[in-house]
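Me: I would like a close look at a single part of this structure, taken together with whatever surrounds it. Please go through it carefully, in connected prose.

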Amino acid sequence: MKDFISEYAHGKEIVDTVFEAASGAISAIKKHGDDAVVNGAFGTYFKEDKTFLTFDSVYRVFDKVPDFQKGKYASSIAGPPEFQEAVKEWLFKSAGLDIDADVIATPGGTGALSSTTKNTLAPGETVIHPDIGWGPYKTIAKENNTPVEYYQLFDGDAFNLESFKATCTKVMKDQGKVLAFINDPCQNPTGYTMSQEEWDDVLSFINELSEQGPFILLHDIAYIDFNQKGDDYKKLFEKFTTMNENVLTVIAFSASKTLTAYGWRVGAQVLISSNEEGRRKFKHACGNSARGGWSTVNNGGMVCFSEIALNENNKAAYMKEKNAYVTLLKERAEIMIEEAKDVGLPLYPYHEGFFITIRIDDQVVKNELHLKLKNHNIFFVNVYGGLRVAICSIPKTKLKGLAKRVKNVLDEIVEDEETPLKESGDETNDEANTTP
Ligand SMILES: Cc1ncc(COP(=O)(O)O)c(C=O)c1O
């Protein structure tokens with residue numbers, strides 16, 4: 001007898017570790033009061049007074065967007081022309097670049113990741129992700145029936161170029177085509193940002209490998225506007241214009257994350273390739289996916305983003321307001337990193353952004369620590385290779401002393417002879433260990 005669900009929809013039971021951790025934190029707050037709980041599970045920005053961050057420079061512009069603009073469909077599947085222009089202004093002109101690129105509006109960065117996967121790989125073809133990465137990458141792969149190969153993100157404290165090369169080379173050999181994800185800057189969940197030299201090495205390797213078949217580089221820039229270099233980071237995009245004809249770069253941009261208006265669901269795929277025909281075909285395929293998937297993106301959100309990106313005064317007000325919160329992330333990170341160093345709590349290399357990850361190679365110890373911390377009213381997200389601490393949602397007062405509290409619990413676990421310790425490094429990157 002057949003099932004209600006198709007054979008392709010099996011195995012889709014979703015294990016949402018972030019929502020699970022977040023609901024645990026909320027129940028603990030209800031039971032013990034806010035002061036007693038460290039909620040490091042939420043991946044959204046909370047201010048020092050523990051309220052959700054909204055920018056006046058965004059919402060006062062939004063207030064002025066006419067009601068009909070908020071209610072209507074967008075004028076084009078790829079987003080209104082002003083929105084497409086605004087995205088290019090934001091990503092390229094702000095860094096002094098004039099890049100020939102196509103823009104397709106998507107519901108958040110997620111829409112860009114999903115549509116790119118769907119339109120570059122046939123079901124059964126393999127996508128390449130970092131081993132330590134954002135959990136829903138796997139959900140997207142499952143949705144598109146694409147198996148995943150992982151490259152190791154780190155070699156010590158640096159980007160693991162050799163692993164990236166080996167994984168891409170293998171997949172190119174097997175299927176004659178590569179789609180590889182890189183999340184940079186402010187990588188989720190580690191906060192790592194690649195150096196210019198690391199990018200140069202990656203891009204020159206991609207050029208070389210693309211002689212064997214098409215290479216699609218998915219550059220996920222979800223947290224770009226929370227990096228310390230600001231618009232200077234965007235100068236990197238110029239390098240994408242010098243790639244071989246067989247390379248397509250898709251920048252996955254999340255305008256709603258930039259504006260801390262996560263629920264607006266505004267984002268874009270930004271396509272750069274010297275292969276104009278290939279780019280045109282891909283753009284049409286993505287347009288069809290939009291029409292057949294979500295139709296158009298939230299028009300009011302796109303209009304508001306355009307009003308900020310294309311109006312100097314609005315943009316200046318946003319930058320001023322936002323930059324204070326980039327500084328606050330730095331201050332929060334410094335507390336956690338300094339204290340972790342003092343007490344010997346291992347962290348992955350953090351540079352900037354919303355998240356820091358405590359490094360725990362042994363999966364048994366990691367799972368135990370995750371559970372025991374909950375008993376201490378400390379809530380993190382269990383990720384591959386560690387526990388993600390969302391410094392975007394923890395005020396400085398609660399970060400002070402946190403590393404020591406965690407280290408104490410970790411020491412108890414490691415000292416406990418009953419703990420059936422496994423050899424480190426034997427964790428599989430399975431669904432239960434993802435990072436939403
Ligand atoms: C690394 C990464 N990529 C993409 C996204 C997608 O963002 P959204 O779809 O909310 O724009 C997120 C959201 O948390 C993320 O962390």
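Reply: In this predicted model, the buried residues of helix α5 are Gly 108, Gly 109, Gly 111, Ala 112, Leu 113, Ser 115, Thr 116, Thr 117 and Thr 120. The helix takes in residues 108–120, and because 13 residues at 1.5 Å each should span 18 Å, the 19 Å between its end C-alpha atoms agrees with that expectation.

Helix α5 also matters for the description of the ligand, since the largest share of the shell around the ligand, four residues, comes from α5. The shell as a whole holds 13 residues, of which the closest are Thr 110, Asp 220, Ser 254, Lys 257 and Arg 265; sorted by class, it has four nonpolar, six polar and three charged residues. Within α5, a backbone N or O atom of Gly 109 lies 2.7 Å from an oxygen atom of the ligand, while an N or O atom in the side chain of Thr 110 is 2.5 Å from a ligand oxygen atom. From outside the helix, the side chain of Lys 257 places an N or O atom 2.4 Å from an oxygen atom of the ligand. Of the 390 Å² of accessible area that the ligand has on its own, the protein covers 92%.

The strands can be followed from β2, which comprises residues 102–106 and is joined to β10 by five bridges, the two running antiparallel. In this pairing, Thr 106 has Gly 267 of β10 as its bridge partner. Strand β10 is also paired with β9 (residues 247–254), again in the antiparallel sense and over six bridges, with Ile 251 standing opposite Val 270 in β10.

Six of the six residues of β10 (residues 267–272) are buried, so this strand is largely enclosed by the rest of the structure. In a regular strand the side chains alternate between the two faces of the sheet. In β10, Gly 267, Gln 269 and Leu 271 point one way, whereas Ala 268, Val 270 and Ile 272 point the other way, and all are buried.

Helix α12 (residues 299–309) can be described in similar terms: ten of its eleven residues are buried, so α12 is largely enclosed by the rest of the structure. Those buried residues include Met 302, Val 303, Phe 305 and Ile 308. At the N-terminal end of α12, Asn 298 acts as a cap, with a side-chain oxygen 3.1 Å from the backbone nitrogen of Gly 300, a residue that is itself buried.

Notes:
Residues numbered from 1 in each chain as written. Predicted model: local features only at pLDDT ≥ 70, side-chain atom pairs only at ≥ 80, totals over all residues. Heavy atoms only, no water. Expected span 1.5 Å × (residues − 1). Buried < 20%, exposed > 50% of the residue type's maximum accessible area, 1.4 Å probe, protein only. Pairing = 2+ DSSP bridges. Near = heavy atom within 4 Å. Polar contact = N/O pair within 3.5 Å; in protein donor to acceptor, adjacent residues only side chain to side chain. Areas by Shrake-Rupley, 256 points an atom, 1.4 Å probe, with all protein chains shown as cover. Nonpolar A, V, L, I, M, F, W, Y, C, P; charged D, E, K, R; others polar.
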